[in-house]
Amino acid sequence: MTEKNIALISGASRGIGRAIAITLAAAGMDIAVLYAGNDVAAEETRLLIEQQGGLAKCYACDVANSQSVAEAVAKVERDLGPVYALINNAGITRDKLALRLRDEDFQRVLDVNLQGAFYLIRQCYAGFLRQKRGRIVNISSVAGINGNAGQANYAAAKAGLIGLSKSIARELAPRGVTCNVVAPGLIETDMTKALPEEAQSSLLARIPLARAGRVEDVAALVGFLCSSAASYITGAVIPVDGGLSM
Ligand code: NAP
């Protein structure tokens with residue numbers, strides 16, 4: 001019997017992360033659902049995966065805390081095995097004009113969106129070296145490519161993820177591990193529900209495909225990047241944004 005690939009997805013309790021978890025489970029991977037604290041939502045993701053015949057386990061973990069990440073990855077490796085696909089999807093926003101951004105608003109958004117991804121990559125790195133195979137997908141944003149008024153902290157973190165990803169892509173390419181960036185535009189999730197109505201409609205008006213994206217639109221690309229068909233793609237930044245960033 002061939003061994004199953006293990007996928008670890010941060011922020012998989014809800015939104016885009018949940019859709020990615022379901023997609024990778026459907027592709028035959030065992031899933032580690034990392035989440036911040038919403039036990040009910042994480043359990044729902046696990047049940048959805050079980051209902052389609054897959055296996056998932058849940059791990060509460062603050063990705064911004066290196067100790068918490070080290071403990072969670074150790075548990076995942078013990079329970080499921082070494083991570084084959086690492087999806088850095090956990091993210092938060094604290095939107096304000098730069099004039100009003102407090103130190104902690106800037107720092108926390110960097111800590112979760114950027115440093116969290118680094119901690120998870122570092123923790124899985126040795127496992128990738130040993131396996132001589134693997135996939136890393138980092139979820140950035142169109143804001144990281146074009147910037148966005150009111151999101152200086154978030155855009156800086158998401159742009160930082162692109163530099164991090166290209167560096168890791170270069171480091172791990174000789175070991176057969178790819179690292180790519182997916183940059184969603186406006187996707188319908190709890191995160192965007194929180195946006196003021198005017199912000200949502202002005203964004204929608206700028207999307208050539210004239211609709212918000214669905215979580216499955218993002219998950220489909222992540223699924224492809226984690227498949228063997230994508231073995232020659234690394235260091236790429238791929239938007240899923242209905243044309244918003246072109
Ligand atoms: P969401 O619905 O708000 O879900 C956020 C997820 O991240 C939840 O699972 C949450 O866990 C987890 N999380 C938050 N802080 C965490 C922490 N410190 N440690 C571990 N997990 C943490 O977000 P989403 O809209 O699906 O976004 C997913 C990713 O896509 C984010 O990186 C976001 O920046 C990016 N993105 C989203 C959009 C969009 O339009 N939605 C556009 C571009 C990029 P709990 O459930 O436990 O709180």
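Guide: Before we start, a quick definition: Lys and Arg count as positive here, and Asp and Glu as negative. Keep in mind too that this is a predicted model.

Visitor: Using that definition, how many positive and negative charges does the chain have, and how far apart are their mean positions?

Guide: There are 25 positive and 23 negative charges, and their mean positions lie 6 Å apart.

Visitor: Okay, now the overall fold. How many helices and strands are there in the chain?

Guide: You can pick out nine helices and seven strands. The radius of gyration is 17 Å, close to the 18 Å that the globule rule gives for 246 residues, so the chain is as compact as a globular protein of that length. If you follow the C-alpha trace along its principal axes, the span is about 55 × 35 × 35 Å.

Visitor: What share of the residues is buried?

Guide: Buried means under 20% relative accessible area. By that cut-off, 48% of the 246 residues count as buried. As for the outside, the chain exposes about 11600 Å², and carbon and sulfur atoms supply 53% of that area.

Visitor: And what do the contacts say about residues far apart in the sequence?

Guide: Take the contacts with a separation of 6 or more: residues 24 or more positions apart account for 73% of them.

Visitor: Back to charges. What can side chains of opposite charge do when their charged atoms come close?

Guide: They can pair. In this structure there are twelve salt bridges. Try Lys4 and Asp30, which form one with their closest N and O atoms 3.2 Å apart. Lys4 sits in the segment before strand S1 (6–10) and Asp30 in strand S2 (residues 30–35), so this pair ties together parts that are 26 residues apart in sequence.

Visitor: Is Asp30 buried or exposed?

Guide: Asp30 counts as buried, because its relative accessibility is 10%. Its partner Lys4 is partly exposed, at 44%.

Visitor: Which residue does Asp105 meet in a salt bridge?

Guide: Asp105 meets Arg94, with an N to O distance of 3.8 Å. Asp105 belongs to helix H4 (residues 103–131), while Arg94 is in the loop between strand S4 (85–88) and H4, so the two are eleven residues apart and the pair links distant parts of the chain. Asp105 is buried, with just 1% relative accessibility, and Arg94 is partly exposed at 31%.

Visitor: Which residues are linked with these two in a network of salt bridges?

Guide: The network links Arg94, Lys96, Arg102, Glu104 and Asp105.

Visitor: Can you show me one more pair?

Guide: Sure, look at Arg211 and Asp217: their salt bridge has its closest N and O atoms 3.1 Å apart. Arg211 is partly exposed at 36%, and Asp217 also counts as partly exposed, at 25%.

Visitor: Let's turn to the backbone. What is the phi of Lys132?

Guide: Lys132 has a positive phi of about 55 degrees, although it is not a glycine. You'll find Lys132 in the loop between H4 and strand S5 (134–139). Lys132 counts as exposed because its relative accessibility is 55%.

Visitor: Where is Ala210 found?

Guide: Ala210 is in the loop between helix H8 (197–205) and helix H9 (215–225). Ala210 isn't a glycine, yet its phi is positive, at about 55 degrees. With 60% relative accessibility, Ala210 counts as exposed.

Definitions and conventions
Residues are numbered from 1 along each chain as its sequence is written. This is a predicted model: local features need pLDDT of at least 70, side-chain atom pairs count only at pLDDT 80 or more; totals for chains, interfaces and linings use all residues. Side-chain values use heavy atoms; hydrogens and water are left out. Helices (H or I, at least four residues) and strands (E, at least two) are DSSP runs, numbered from the N terminus. The radius of gyration is taken over C-alpha atoms; the globule rule is 2.2 Å times the number of residues to the power 0.38. Buried means under 20% relative accessible area, exposed over 50%, partly exposed in between (1.4 Å probe, protein chains only). Contact means heavy atoms within 4.5 Å. Accessible areas come from the Shrake-Rupley method with a 1.4 Å probe; for residues, only the protein chains shown count as cover. The place of a charge is taken as NZ of Lys, CZ of Arg, CG of Asp or CD of Glu. A salt bridge is a side-chain nitrogen of Lys or Arg within 4 Å of a carboxyl oxygen of Asp or Glu.
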